[in-house]
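Biologist: I would like to learn how to read the contacts in a model like this one. Could we go through it together?
Modeller: Gladly; let us bring it up on the screen.

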There are 2 protein chains.
Amino acid sequence: MKSDLDRLMEERGFDALIVYGPAEGNAPLRYLSNGAKVTHATVVKKRGEQPVLVVGGMERDEAARSGLPIVLDTEFNFHQHYKDTGDRFETTLRMYVEMFEHFDLSGTVSFYGISSPGAALVFLTELGKRLPHVTLTGEATRSIFDEAGITKDADEIAALHTVAERTNAVMAETIAFIRSHAVEDEQLLKEDGTPLTVGDVKRQVRARLLYYGLEEAHDMIFAIGRDGGVPHSRGEENAPLELGKAIVFDLFPRDPVTGYFHDMTRTFSLGYAAEEVQHAYEQVMQAFNAVMDELAVGQPTARYQDLVCDIFEEHGHKTPRSEPGTTEGYVHSLGHGIGINLHESPTFREHSEDILAAGQVFTIEPGLYYPDKGFGIRVEDTIYIDPEGGIHSLTPTPKDLVIPIP
Amino acid sequence: MKSDLDRLMEERGFDALIVYGPAEGNAPLRYLSNGAKVTHATVVKKRGEQPVLVVGGMERDEAARSGLPIVLDTEFNFHQHYKDTGDRFETTLRMYVEMFEHFDLSGTVSFYGISSPGAALVFLTELGKRLPHVTLTGEATRSIFDEAGITKDADEIAALHTVAERTNAVMAETIAFIRSHAVEDEQLLKEDGTPLTVGDVKRQVRARLLYYGLEEAHDMIFAIGRDGGVPHSRGEENAPLELGKAIVFDLFPRDPVTGYFHDMTRTFSLGYAAEEVQHAYEQVMQAFNAVMDELAVGQPTARYQDLVCDIFEEHGHKTPRSEPGTTEGYVHSLGHGIGINLHESPTFREHSEDILAAGQVFTIEPGLYYPDKGFGIRVEDTIYIDPEGGIHSLTPTPKDLVIPIP
């Protein structure tokens, strides 16, 4: 959690962190600025000190919502440097040199946020030459923010609970919405007699997300039959909802106020299920329940991916362990941490080194995929480990394969 | 436009471009992949050749929508490298080395997309050591994508037209929605007798954006009185709508299908306007109209910022030219290009070197800001220059300051 940052900086030998870039998709900026809606900002955090938000004058009101100390970027004389040089790259370099002086930064400074990778390469390489007494660096794998974010503090857990409740409400309402339709020739029909489509359902879902103050930061998945067999296929807008076909509905909205996500998947079949689908569904639920029974603080996450591979391989399915890169059978890892990022640590991959701990929030989402047989199945809850090590699903929506159509 | 990329690569000495990173906020990825909704992808474009999309197997269906050739990242042996090294950083480096061989990349390769800046620094520095025959670089200022995107092709203009029409419809409907409320003691009231607030209006706007299939990629501004005097203040959720106060409504949604934005601002005052506001509004409209009368292909954009500073300074206001960094008077630049980014080239700053040309789409948005006097004013249209040099506003919504309340 956030309070771990100073300890992690010490462990990794960082004297300061700098986060820059636009706000969109900038999780470290959001994390440090407590959700203030600035469009562009730089955060400077020295070890043992509070982060400071550096913003343009136009952003000062929004920046104040962060509760952090604020420095206006006019401090660093953009206009003078630009007048002197006529060059934006050179101007930015000189402003950064001034900013390093202003904050008295020294030692090792590690950079985060959002940038074009090539732009970062040329900018930080050149800045490093201007600041020979400072080491500029970064983290290409598990960063200090990934590590801090792996456990959540009480404010974060509260935010995750409220987005969970609302997401489950939208899931339940969507199923009720689908069930409210008439059926003719195995198809669901709208009032005007035309087929209910994936696009219609998604529009309804979006209206309900809006009602609950949630946003669709990444497109939901509502995929029928073969489309559900390709895990990241979003579903065809014009596909009609038909009885007896497996529908994978993966919903992962964000609360725009807090920035936190929920992630849940249900697979259902309207009216009845094909025998093959029913059979595979039972195996997915067997895997899901086996994992839930075994989750415990102190256990390596990789163990659960192994457990699910054991179960699926016993049933004759390919897995990423038996056949790396397979696109049939069980084709992904078991879950992922969730918070201010939809996907974060801990990971539940075969080689993951993460260990379950109190304060973690993550998904468990086994699935089986047979696009050539025309179906996919995934069941996913978001799980929370409380400070006493208790395991809680934040996703109470029932897991019934067959949704009776009245 | 996109067809300029090969020429620009030649001019800048780039033999290949690589775009990587998550899709969210990744304009170059969206630009090159024609809007396909992959969550994570790498695009490799060699000079004179079509871009190629490199994706994981789970993304292959969405990737196919790009119409581009696709290579699955399993080609580069993630699993084998990970097995050999047990290290994700080393694995990624080895995959990239294989990818460079696969595409036979040589000469100078420039990187774009989304990354943590520090991660990009350490990754590309190390990759450069593994590929001594290739120069890895990037662009910290006006990039090749900025330069190509400054003019739009016919598909882009069509996308910008449709998002413009729908945004203007939402603006008109929002004004009608506000007008539908009863007034008591200078406040607008909802049916339950409580005051209509900024939050209520924003919820209505979001519902209408949804209806038109638009998304709020960045938060809209609906700011009353003093809040409108700080250009980037989003507005207080609980502020009631009152007669006679200037309201700045800046709406800039994105079409999630095409990825293109519209950007427009109207300032209005309900029922009547304060004399001071009326006076300042007339000066803003004088500046707006003066610019519109003068816009012409071949003119430097900086000229228009100058023109607006002339007008405002004549009226006794501070400007960024007379007082750099001012937070009172005219406090920003006149406009910005708009397309797959909300803010792109051309810029309309004092020192901008951009020249107006056919195919450009940009905003014109003069404003006056007096937070201490309790108001701000901004009027903004999105403008398109057609292939014959004709100047068109894509923002037909009327520019009346006073909205009569029936």
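Biologist: How many residue pairs are in polar contact across the interface of domain 1 of chain A and domain 2 of chain A?
Modeller: One reminder before we count: this is a predicted model. The rule finds 4 residue pairs in polar contact across that interface, both residues being at pLDDT 80 or more.

Biologist: Where do the two domains lie in the sequence of chain A?
Modeller: The domain assignment gives 2-148 for domain 1 and 154-175 + 207-403 for domain 2. Taken over C-alpha atoms, the centres of domain 1 and domain 2 of chain A are 36 Å apart. Their contact draws on 6 residues from domain 1 and 10 residues from domain 2 of chain A. Between them the two domains of chain A bury about 680 Å², with 43% of it on carbon and sulfur atoms.

Biologist: And how many salt bridges does the rule find across that domain interface?
Modeller: The rule finds 1 salt bridge between domain 1 and domain 2 of chain A. As for salt bridges in chain A, A:Arg142 forms one with A:Asp354, and their closest N and O atoms are 2.6 Å apart.

Biologist: Now the two chains. How should I think about the way copies are related?
Modeller: In general, a rotation about an axis and a shift along it relate two copies of a chain. Here, a turn of 180° and a shift of 0.0 Å along the axis lay chain B on chain A with an RMSD of 0.0 Å. That is the relation of a two-fold axis. The C-alpha of B:Leu121 is the nearest to the axis in chain B, 2.4 Å from it. Both copies use the same surface, as 100% of the contact residues of chain B recur in chain A.

Biologist: What area is buried between chain B and chain A?
Modeller: About 5100 Å², and carbon and sulfur atoms give 61% of that. In chain B, the residues that lose the most area to chain A are B:Glu24, B:Met58 and B:Pro117, together 14% of what that side buries. The contact takes 58 residues from each of chain B and chain A.

Biologist: Which polar features join the chains there?
Modeller: The rule finds 4 salt bridges across the interface of chain B and chain A. Between the side chains of A:Arg65 and B:Glu236 there is a salt bridge, at 3.3 Å from N to O. There are also 11 residue pairs in polar contact between chain B and chain A, both residues at pLDDT 80 or more.

Biologist: How many disulfides are there over all chains?
Modeller: A disulfide is a covalent bond between the sulfur atoms of two cysteines. A search of the whole structure finds 0 of them.

Biologist: Is A:Cys309 buried or exposed?
Modeller: A:Cys309 counts as buried because its relative accessibility is 1%, under the 20% cut-off.

Conventions
Residues numbered from 1 in each chain as written. Chains lettered and ligands numbered in written order. Predicted model: local features only at pLDDT ≥ 70, side-chain atom pairs only at ≥ 80, totals over all residues. Heavy atoms only, no water. Disulfide = S-S within 2.5 Å. Buried < 20%, exposed > 50% of the residue type's maximum accessible area, 1.4 Å probe, protein only. Least-squares fit on C-alpha atoms with pLDDT ≥ 70 in both. Contact = heavy atoms within 4.5 Å. Domains from an automatic or database assignment. Buried area = accessible area lost by both parts, 1.4 Å probe. Polar contact = N/O pair within 3.5 Å; in protein donor to acceptor, adjacent residues only side chain to side chain.
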